[in-house]
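Biologist: Please show me the model, and I will ask what stands behind each label.

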Amino acid sequence: MKIEKQEIVHGGSFLRKNENFAFNRVKYMIDNMSENLAYISKIKKQNKEETDNKKILEEFKLSFKKYRSGWIENPKKFYNNEALPITDPLCLDIESAAICDLACPHCHREHILTPDKIMDFSLYKKIIDSAVKLKVPSIKLNWRGEPLLNPKLEEFIKYAKENGILEVSINTNATQLTKARSKSLIEAGLDLIIYSFDGGTKETYEKYRPSRFKKNKFEKVYENIKNFKITKDEMKKKFPVSKIQMILMKDTRNEVQEFFNLFNDIVDDVAVQQYTERGGNIEPIKDDNKSKIEKYINKNNLSKDTPYSVEADGNIYIAIGRKPCEQLLQRLMITYDGRVGMCCHDWGAQHCLGYIDKLAFNIEKTIDDLEKKIINNKKGFELLKNAKKQNIYNDPEKKVQTIEEIWKGKQLNKVRNLHKQKLLNNVEICKKCDYKNTYEWQKI
């Protein structure tokens, strides 16, 4: 299927398909709520008449609408001084696996030491039980690693769904997405699967998605994604919704059309996303755009470090200021060992907000052991030679707290209030952040 025209959405970092083919995830989730495992589990526990089932179904639909509305409105209201006190988190990003089998040059893993660990089910259960009490509607079961490397991932998904979590999602590189694994993920009740796939050709994909252990092949991963759709169709299941995204870099910008053509017919939602600097110093734009930006900056006496954004259609934007980050009112990030970070760009909780388990107190030894493996050039660690110990931007008292205590605590509220005053540069990790949504943009 050829895409004649793409819809550009600036500020949200995404280029989506032609609006005639655009996939509305919220509408789809609501329209098919009767097949959501959280709803099905609720009905089984209730054991009531059909009229009650319809009422419960409407309540689930309303909860999902409220969740998606809150994702946009809660930050807006807070930063406009309309919403106090802080509402509960809308999502927990839970690091089911910190290990990854790839060594992508544009990933933080190649530059910040990241443990090859998975989360223990007992800690996960503790997190979900707390999330249920707080009525957290959504969880994502990854952060720094590849979730399919956790052999109990399906148990993680099922436990969350059977306890009422409305939306459970994963980001995956799909290298381990066999037909058997596809079937078990679908049966577990997964709601959303997001593939990361950089490149519209074999050459580009394999350049930016190298394996740590054996050659990662374009054809194999493409077939995995294709077979997931086939398996889902054969099982006659509505979920999970599937989405694929590619990072816009100098090489991939030439392959946007090829990327769309590869996946339009086998994935529900196809998008490309702006590059954010994570230490790899990958060239994100073409030479002609780079020249235009340099001339503009020099002509207007701007700093050479002035952030810029070039959309897939070539439109160029220059940052003219900072704006508060929405993530501080949307989600929390939890590492495999219970360390809590404030956003997905706070790699490994460098600006740590607190701890939900004492296991996180011992991270230093884990990092030291990892560093030795890299220095000794152990198999699987050869591509991580540039990784260094992470910075410590915030060092809270080492005590175990609840998710609610951390979410509403002084550590995070201090950052929120600085953002509200547009003093992002007073927060060291925010000062360095390249997340496009925290900038005001002007087209040049």
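Biologist: Why is F218 called buried?

Modeller: Buried means under 20% relative accessible area, exposed means over 50%, and partly exposed lies in between, with a 1.4 Å probe and protein chains only. F218 has a relative accessible area of 11%, so F218 is buried. The model is predicted: local features need pLDDT of at least 70 and side-chain atom pairs pLDDT 80 or more, while totals for chains, interfaces and linings use all residues. Residues are numbered from 1 along each chain as its sequence is written, and side-chain values use heavy atoms, without hydrogens and water.

Biologist: What makes F218 and Y222 a stacked pair?

Modeller: Rings of Phe, Tyr and Trp (its six-membered ring) pair if their centres lie within 6.5 Å; planes under 30 degrees apart count as stacked, over 60 as edge-to-face and the rest as tilted. The structure holds 21 aromatic pairs. For F218 and Y222 the centres are 6.2 Å apart and the planes are at 0 degrees, hence stacked. Y222 is buried too, because its relative accessible area is 17%. Both residues lie in helix α8 (residues 218–234), four residues apart, about one turn of the helix. They also belong to one aromatic cluster with F197, Y205, F259, F260 and F263.

Biologist: How do you know that α11 has the span expected of a helix?

Modeller: Helices are DSSP runs of H or I with at least four residues, strands are runs of E with at least two, and both are numbered from the N terminus. The expected span is 1.5 Å times one less than the number of residues. For the 13 residues of α11 (residues 363–375) that gives 18 Å, and the end C-alpha atoms are 19 Å apart, which agrees.

Biologist: Why are the buried residues of α11 said to line one face?

Modeller: Those residues are I363, T366, I367, L370 and I374. Seen down the helix axis they fall within an arc of 95 degrees, so they line one face. The arc is taken over the directions from the helix axis to the C-beta atoms. The buried residues pack against β12 (339–341), whereas K365, K372 and I375 are exposed on the other side of α11. Just after α11, N377 takes a positive phi of about 55 degrees.

Biologist: What makes K183 partly exposed?

Modeller: K183 is at 39% relative accessibility, so it counts as partly exposed. K183 lies in helix α6 (residues 179–188).

Biologist: What makes the link between the side chains of K183 and E187 a polar contact?

Modeller: A polar contact is a pair of N or O atoms within 3.5 Å; within protein, one must be able to donate a hydrogen and the other to accept it, and residues adjacent in sequence count only if both atoms are side-chain atoms. The side chains of K183 and E187 make such a contact at 2.6 Å.

Biologist: Which residues does K183 touch, not counting those up to four places away in sequence?

Modeller: K183 touches T231 and M235, where contact means heavy atoms within 4.5 Å.

Biologist: Why is L332 called buried?

Modeller: L332 has a relative accessible area of 1%, and therefore is buried. L332 lies in strand β11 (residues 331–334). Its contacts, leaving aside neighbours within four places in sequence, include V340, G341 and W407.
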